[in-house]
Amino acid sequence: MAQRSGKLTLYNTLGRETQIFEPLVPGRVGFYGCGPTVYNYAHIGNLRAYVTHDILTRTLRRMGYEVTHVMNITDVGHLSGDNDDGDDKMLKSAEERGKSVLEIADFYTGAFFDDAGRMNIERPTVVCKATAHVGEMIDLIRRIEANGCTYASGGNLYFDVSKFPSYGELAPLRRGDPNARARVRGDPNKRNPQDFVLWFTKSKFEGQALAWDSPWGRGYPGWHIECSAMSIKYLGEQFDIHAGGIDHVPIHHTNEIAQSEAATGKRPWVRFWVHNEFLVLDRGKMSKSSGGFITLRSLMDSGYEALDYRYFLLGGHYRSQLQFSWESLETARNARRSLAERIRALAAKAGPGGIGTLPGAPGLSEKAAGRLAAFDRALEDDLSSPRALAELWGLVRDPDIGPGEALACAFDMDRVLGLGLAALARAAFRGGDDPGGEREIEGLVAERAAAKKAKDYAKADSIRALLKERGVVLEDGPSGTSWRRGPPGGRAVTN
Ligand code: AMP
Ligand code: ZN
């Protein structure tokens with residue numbers, strides 16, 4: 001696809017400002033987004049993170065970039081506290097459910113991609129499991145060690161932040177965090193509160209199921225090292241964009257930067273850091289480990305479609321906190337339904353072969369081109385999905401844009417929004433969804449005929465009035481009743 005002329009601006013957590021995005025290699029983008037820890041279902045807050053990654057990759061692709069999107073699957077090493085404290089999430093889940101860690105990981109990885117598929121989240125270019133990359137992690141730790149940034153203590157190997165002067169650049173406030181010392185009281189092996197484990201040999205968990213031989217003894221990797229090792233393997237020692245939830249700024253991503261740069265000596269490891277704000281509940285934070293969380297499945301069990309939730313998410317900017325409530329999900333569902341109605345009506349008007357000029361082709365009307373340009377500007381302005389959605393609405397409501405052209409532009413916008421608009425229109429062309437409401441009208445006409453036959457004239461008249469309200473005119477003749485919409489050209493039905 002040809003490169004578009006627009007420039008993407010992104011808020012870069014590294015530097016805390018909005019910057020114009022340029023990839024290291026023209027036309028290509030290497031993007032790593034932290035993936036799920038597969039010890040439980042993803043909650044709807046987690047899905048906000050993945051929809052953000054999806055909007056980012058889709059926007060980049062729409063702009064003509066070739067994107068390599070890498071996502072890890074954490075199936076080892078993630079403790080319930082990001083700072084090496086708490087339980088091993090995978091192990092605890094396996095114990096609670098009476099399954100092996102592998103079974104738990106397989107099950108919840110499958111469940112995660114089912115959810116992602118339902119939400120129209122495109123599958124990343126590379127999906128990589130931590131347990132399949134322990135060799136790469138060991139190699140990376142060796143390099144960190146060779147560069148003098150580690151120490152062994154109490155059976156574990158630690159990263160020594162005092163050997164890495166730029167530690168904490170991503171989260172400057174954390175450097176003087178008065179609570180930091182208190183948080184690590186549990187680990188007397190650390191020289192500095194911000195030091196973190198690269199390799200555990202002294203498992204604090206009895207019966208640790210997953211263990212590997214290493215130069216530091218048999219054990220398992222710390223959580224942060226997996227993202228450094230896998231991103232470097234698939235994207236190189238320096239790459240363009242790294243994303244995750246805002247909670248990852250002070251510890252996980254800060255530690256990833258320290259390890260990667262200490263290993264390779266190259267700075268900056270990643271040029272753009274993109275962080276989504278949290279989805280919150282009216283009663284506070286949603287968290288997977290606290291147990292009180294809402295899944296996509298629970299939304300669907302309450303009668304919502306996965307894409308209602310996607311629509312809800314697109315209505316908020318990824319850098320603003322978004323409050324989830326059933327009322328706001330209901331509002332999103334209603335808005336998506338009316339959007340679907342518009343698409344069906346446009347499809348019915350355009351007819352099967354009626355999709356008009358494709359965006360970018362000569363002959364696109366000025367108005368439609370203007371709508372598309374405004375849509376692009378919205379996304380290029382730090383991925384403003386709410387404004388992009390408003391442009392889609394402006395397009396489908398614009399009386400001066402013909403149905404075929406409006407549909408073509410809507411489908412083009414949907415390459416980023418991912419609301420499944422083309423599927424809706426296809427269903428309309430096939431008649432599967434009663435696109436123009438013909439089947440419903442014919443049903444009412446037949447019902448009126450039956451009422452007349454039964455001499456229930458009041459009912460017959462009320463049906464006629466109802467149809468009139470919808471712009472349908474009935475004409476009774478010797479061979480039955482025909483109906484038409486507004487001006488001539490209606491279809492006849494016999495009853
Ligand atoms: P986890 O599976 O816990 O490693 O989290 C997966 C992703 O979801 C990470 O990028 C988190 O930062 C992100 N995340 C966790 N909770 C929320 C939330 N409530 N809202 C938005 N993103 C979240
Ligand atoms: Zn990560």
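Biologist: What is the relative accessible area of glutamate 22?
Modeller: This is a predicted model, where local features need pLDDT of at least 70 and side-chain atom pairs count only at pLDDT 80 or more, while totals for chains, interfaces and linings use all residues. Residues are numbered from 1 along each chain as its sequence is written, chains are lettered from A and ligands numbered from 1 in the order in which they are written, and side-chain values use heavy atoms, leaving out hydrogens and water. Glutamate 22 counts as partly exposed (buried is under 20% relative accessible area, exposed over 50%, partly exposed in between; 1.4 Å probe, protein chains only), because its relative accessible area is 35%.

Biologist: Which residues does glutamate 22 touch, leaving out those up to four places away in sequence?
Modeller: Glutamate 22 lies in the loop between strands E2 (17-20) and E3 (28-33); helices (H or I, at least four residues) and strands (E, at least two) are DSSP runs numbered from the N terminus. Its C-alpha is 9.4 Å from that of arginine 271, although 249 residues separate the two in sequence. Counting heavy atoms within 4.5 Å as contact, glutamate 22 touches Lys7, Asp240, Arg271 and Phe272.

Biologist: How far is the C-alpha atom of tyrosine 234 from that of phenylalanine 31?
Modeller: Tyrosine 234 sits in helix H6 (residues 223-235) and is partly exposed, at 31% relative accessible area. Not counting residues up to four places away in sequence, tyrosine 234 touches Val70, Val126, Cys128 and His133. Phenylalanine 31 is 203 residues away along the chain, yet the C-alpha separation is 9.8 Å.

Biologist: Which residues touch the most other members of the largest nonpolar core?
Modeller: A core here is a set of buried Ala, Val, Leu, Ile, Met, Phe, Trp, Tyr and Cys residues joined through side-chain atoms within 4.5 Å. The largest one has 86 residues, and those touching the most other members are Ile241, Tyr309 and Phe324.

Biologist: At what angle do the axes of H12 and H13 cross?
Modeller: Helices H12 (residues 385-397) and H13 (residues 403-417) have axes that come within 10 Å, and their crossing is left-handed. The contact is made by Ala388, Leu389, Glu391, Leu392, Leu395 and Val396 of H12 with Ala406, Cys409, Ala410, Met413 and Leu417 of H13. They run roughly antiparallel (an angle over 145 degrees), because the axes cross at roughly 165 degrees.

Biologist: What share of the residues in the protein chain is buried?
Modeller: The protein chain holds 16 helices and 17 strands. Of its 495 residues, the buried share is 54%.

Technical notes. Axes are lines fitted to C-alpha atoms, for helices over the stretch in contact, and angles run from 0 to 180 degrees between N-to-C directions. Angles under 35 degrees count as roughly parallel, over 145 as roughly antiparallel, 65 to 115 as roughly perpendicular and the rest as oblique. A crossing is left-handed if the near helix is turned anticlockwise from the far one by less than a right angle, and right-handed if clockwise.
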